[in-house]
Amino acid sequence: VPMPAGTQWQLLSEYRREVEPVIGTELLRQAAGGSVMHNDDTPARILAVEKEIREQEAKADGKKMRTGVFTTGVVSVAGDRKIALFFSGREHAGENLQKVLNLRSSDLPAPIQMSDALSRNVPESKTVWSNCNIHGRREFVEIADNFPDECAHVLDIIKQVYKYEADTVEQSMSQQQRLLYHQEYSSPLMAGLKLWMEQKIENRQVEPNSGLGAAIKYELKHWKELTLFLRMPGAPIDNNVCERILKTAIRHRDNSLFYKTLNGAKVGDFFMSVIQTCRLNGNNPFHYLTTIRRYIKDVHDNPALWMPWNYQATAAAIESS
């Protein structure tokens, strides 16, 4: 049914004002208790924020200042549950992840954090940092035409490691079983790759400033973080889950081009958070949103019972009582 954009905005904005303080707050609270947290950024456009930046630049007298606008995606993993959160504005991924960690109980150990190696992804709170192997792999994919033999060697090893990762998923291994499996099969491959790269540098078989030299130095510099999955149960091998949810923000940016105000961006962030959390937990976002609206009084009474992974059981219990 065709509906004016202004009417759509009014309906969604009203829904968000009614539901976000309950569902959004509870999602954030539960995300803070995750054992693994993925985070990453993508550029965003918010016209009111861009105007504010231009005004501040005019008063800055040439001083350096932050001029970027971003949408951050965070995926918090707690057991078999995944919670997606979106934050749009001037803050980087690490600063937005800190908003989640601020709600984390001091009794919980530091979570594993998965991201690429950019320093802006790191929060102030302590995390066990793990870096994305897909980012490391990409360094070699981009130069494969110039260094075909060397890149083929690296990519073949990474391919085999990912085959072992697929085995752990297919066999539904526990975190400890997955760790032992990778230590038995992937660890020798990764150790051999590290030795091969170190020899290439030490024996001057690679020009340090070449594309291959830069790719190897990236791997060696971040080796500890790239191989955390070989030492710690539950450590992810890459940041793909976060990059996948960010595609929603990217498609929205490509289709609508921009948000007008920061408030509009917050409305978009809320609905993207709910939609992606539903998808990550195997539920229909539209069904979830309509069900929450139908039982809104019960949702306000106990929002923890109305999360995307348990709302159907809660609604069924009410209907049967």
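**Close-up views of a predicted model**

Of the protein's 321 residues, 48% count as buried. The model shown in every view is predicted.

**View 1. The whole fold combines helices and strands.** The protein has 13 helices and five strands. Its C-alpha atoms fill a box of roughly 70 × 60 × 45 Å along the principal axes. Take the contacts with a separation of 6 or more: residues 24 or more positions apart account for 68% of them.

**View 2. The largest nonpolar core holds 41 residues.** Four of its residues touch the most other members: Phe140, Leu193, Met197 and Ile216. Several elements give two or more residues to this core. The strands among them are strand 2 (70–78) and strand 3 (81–89). The helices include helix 2 (47–59), helix 6 (175–202) and helix 7 (211–221). Helix 9 (240–256) and helix 10 (262–280) also belong to that list. Helix 5 gives the most, with six residues.

**View 3. Phe140 meets residues from elsewhere in the sequence.** Neighbours within four places in sequence are left aside here. Phe140 is then in contact with Cys151, Val154, Leu155 and Met197, among others. Leu212, Ala215, Ile216 and Glu219 complete the set.

**View 4. A second core is separate from the largest one.** This core has 31 residues. Leu97, Phe271, Cys278 and Tyr295 are among them.

**View 5. The surface exposes about 17100 Å².** Carbon and sulfur atoms supply 52% of that area. As for charge, the protein has 39 positive and 39 negative side chains. The centres of the two sets lie 4 Å apart.

Conventions. Residues numbered from 1 in each chain as written. Predicted model: local features only at pLDDT ≥ 70, side-chain atom pairs only at ≥ 80, totals over all residues. Heavy atoms only, no water. Core = buried A, V, L, I, M, F, W, Y, C linked by side-chain atoms within 4.5 Å. Buried < 20%, exposed > 50% of the residue type's maximum accessible area, 1.4 Å probe, protein only. Helix = DSSP H or I, 4+ residues; strand = E, 2+ residues; numbered from the N terminus. Contact = heavy atoms within 4.5 Å. Areas by Shrake-Rupley, 256 points an atom, 1.4 Å probe, with all protein chains shown as cover. Lys, Arg positive; Asp, Glu negative; His and termini not counted. Charge placed at Lys NZ, Arg CZ, Asp CG, Glu CD.
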